[in-house]
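Work through the exercises below with the structure in view. Try each task before you read its solution.

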Amino acid sequence: MVSISDDDDEEFAGFDDNGVAGSTGRSLAANRSKRIRNTNSVLAAVIKQELPEDDEMLQVGGKKTTPQRPTVRLDDPIFRKPFEYGWKRELVYRAVAGISKEKGEVYYFTPTSKKLRTRTEIQQNLTHDLTLDNFTFIKEPLGLGPDLEIIRNAKSNAATMKRASLANTDASPVTESPLGKRIPKPKGPKGGSPPPSSIRILNRSRSSVGSPRSPFGRPVQVKEKEDVKVQVTKPPPKGPTATVAAASKAKQEDSKKRKSEPVAVNSDNFRDVPVVGKIPNDTVRSTINVGGAKNKKGTKGGAANVVAKRTNFNYSHYFRNVAVGYNVLLETFQYLKVKELLRASCVCRVWNQAANYPSLWSTVRMKNSQVNDWNGFANALRRHGTTGLDLRKMLAPSNSEEMWQAFSRHIGTVNRLEAIDLCRCPSAVVESLFRTNTNLRILNAVTIKDDIVDLDGVENLTRLEELRLKPENWVEFRRDLTPMRNLHCLRHLALTFVKQLGNANVEILGELTALESLEIGECNDISETLARNVLPRLVHLERLRLEKGQMNCNTSAILAAIAPLVKLKQLELVNFDIKAKFNEEIANCAHIEKLLIIPTYISQSATTNNMILSGMIRLSQSLRCFTWVVTLELLRVTELYVVQCDASTKKEKRVPDESIPILKPVPGIMEDGVVTSGGTQCPDAQQVEIVPLSKVESILHTYLPETFIKIVKAQFHTTWRLNLVEPTATP
């Protein structure tokens, strides 16, 4: 109901009780009565809209009352229909029984375990023939059992549970008083984790000798006694216990006397405590027993007794946990890029120390990163003692020439750098490294942009152990290989796609007797030199890769030079012409365990396949890994050949398998009758049999059961990228 006070209206208009009534007063009074009438009419209209119509009212005892809501039966089968399709219901009580009216919430779970809270969500997830009438949000259980309906209480605080227990117990006088309000703990420094409570007590007792403090920070008096007891009194409790405390006045006076008495502390216990930084694992003493302690009379009072006792605190556990967290942080930082590592070092002192750990900077990888200041980058590498720099897949700016010039100017200042892997770069960068970074042990430049490389200055790298020079297309040496004569520590050398290598004094490679891995390209002109002056002197060679052995390449002489190298375990012949007697010559290399063969298939492909298959069968005792690359061009030509043979013999057309031609007799088919041929024979060429690749692989597995065999199909112009396929390590 709305009412307007006359006094308020008069005061607002500037009148008091003794004001003079004039024309102005009469007009104000009229306006006031008019406003009251308008307000009453508005309220009447609002009340009329809120009340139901007469026909909607019920006559009860001569008075009109509003109808009550119909009672819902929870055992109605309509509410059990959703559970037939996998739905579930959850009832959560938000109040404690016995205190107030129970409040709760109802949730429904779909068959896919999606939690629904409202009818709108249920409407969006209805399935089958279910409707909203099948769901009820009445906060009562339906009695379906724990599998379909979950009933639980929400978490409640200790005060609520205490009030509930008091409400359920009889209203009998309480003889025991609670401890009172909890004393807040002193806050430690911001950003740091506080030490254990025992250490804080020792610090406070140790810091002030003249006036020691209790564990709660209050000054106490020191007396030479055997017992150490600190009694802290609390204000009398409120509620039902207050009446009991008021009735027993003698107890209150006794508590006041105990409060005024001095607190007894044994100073000897505090004098024996060492400094915190030098505390051994078993000498920490001080435990606080607060609450529930009995006084001398044997009854619990409003005071909390604090007694210091001897206990053990193992500091090794605490510092071990800190060390584990630090190690986890180091392991995580290993996956960060240089840019992310620098950002992480700005977080805090601990992260800064972890981000500058030497193991994280021993090898810096710049994948998907870009350097704008090479001077600062070089200073960072020098400051952290970086020994390895990997620039592969590094992001280069549009003007890469200036970037490489800045790199060449500043990279020489990193004197501890031992390994560099370059990305696509000009040859001038490689040539500058020969002069500036003489401590290099590994230098890999596998994508050189220029066509000419000058090896002058490479003799300065006396500690060089690995050198790989590969261009994008072709490269030519400005001078011969004479500067490499002093590289006595070189163990891995790769010189591929080099033009006119026969004029580069290849005999120098024979002086590198420490070589363990050698990759040579363009063997057409140097096959005789390799077989006569280079390979026989490399007695420590373990891996040999030869490319482009076509036309005039003497494959037989190379295999004859390889046969005495007993340490050679891996041989890779890429784009080589396999000629007659290859099977007998490769059989002499009984020390070969891993073999990669990529034939050219330019001519006599059937003879080539026969020689390879026969030679592998002869190496069955030593060969452990074999990769055979078959070109797609050969497979297409063989397919056309099979189609023509079927057409000439008027056979039914069939879908040909991937097959290769093999000169008869096919090794493994005609001997011992282990494998049947099943190949296609052409009347015009009775000496050639077309054998599917699956059959070839079956023959190899039959004669080489302990060898990992892989037949790879690839185009001829991509064969130079292929490598030996080795079996993956089993866990």
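**Exercise 1. Is F497 buried or exposed, and where does this residue lie?**

Solution. Start with the accessible area. F497 has a relative accessible area of 16%, so this residue is buried (buried is under 20%, exposed over 50%, partly exposed in between, with a 1.4 Å probe and protein chains only). Next, find the place. F497 sits in the loop between β16 (492–495) and β17 (517–520). Helices (H or I, at least four residues) and strands (E, at least two) are DSSP runs numbered from the N terminus. Last, check the backbone. F497 is not a glycine, yet its phi is positive, near 55 degrees.

A note on the basis: this is a predicted model, in which local features need pLDDT of at least 70 and side-chain atom pairs count only at pLDDT 80 or more, while totals for chains, interfaces and linings use all residues. Residues are numbered from 1 along each chain as its sequence is written, and side-chain values use heavy atoms, with hydrogens and water left out.

**Exercise 2. Describe K393 in the same way.**

Solution. Take phi. K393 has a positive value of about 60 degrees and is not a glycine. Take the place. K393 belongs to the loop between β10 (388–390) and α14 (400–410). Take the accessibility. K393 reaches 58%, so this residue counts as exposed.

**Exercise 3. Which residues does D456 contact, beyond its neighbours within four places in sequence?**

Solution. Locate D456 in the loop between β13 (452–453) and β14 (466–471). Its relative accessibility is 38%, so D456 counts as partly exposed. Now list the contacts (heavy atoms within 4.5 Å). They are F434, R435, R479 and P483. Then compare sequence with space. D456 and L481 are 25 residues apart in sequence, and 9.1 Å apart from C-alpha to C-alpha.

**Exercise 4. How do the rings of W374 and F377 pair?**

Solution. A pair of aromatic rings is described by the distance of the centres and the angle of the planes. The rule covers rings of Phe, Tyr and Trp (its six-membered ring) with centres within 6.5 Å; planes under 30 degrees apart are stacked, over 60 edge-to-face and the rest tilted. The count by this rule is 10 aromatic pairs. For W374 and F377, the centres are 5.4 Å apart and the planes meet at 90 degrees, an edge-to-face pair. Both residues lie in helix α13 (residues 374–384), 3 residues apart, about one turn of the helix. W374 is buried at 5%, and F377 is buried at 9%. Elsewhere, ring pairs join W87, Y108, F135 and F137 into a cluster.

**Exercise 5. At what angle do α19 and α21 pack?**

Solution. Helix α19 (residues 605–618) and helix α21 (residues 693–703) pack at about 20 degrees, with axes 9 Å apart. Axes are lines fitted to C-alpha atoms, for helices over the stretch in contact, and angles run from 0 to 180 degrees between N-to-C directions. The two helices are therefore roughly parallel (under 35 degrees; over 145 is roughly antiparallel, 65 to 115 roughly perpendicular and the rest oblique). Now name the residues that meet. L613, M616 and I617 in α19 meet V696, I699, L700 and Y703 in α21.

**Exercise 6. Which residues does a cis peptide bond join?**

Solution. The bond joins K664 and P665, with omega about -5 degrees. P665 is in the loop between β22 (659–663) and β23 (680–682).
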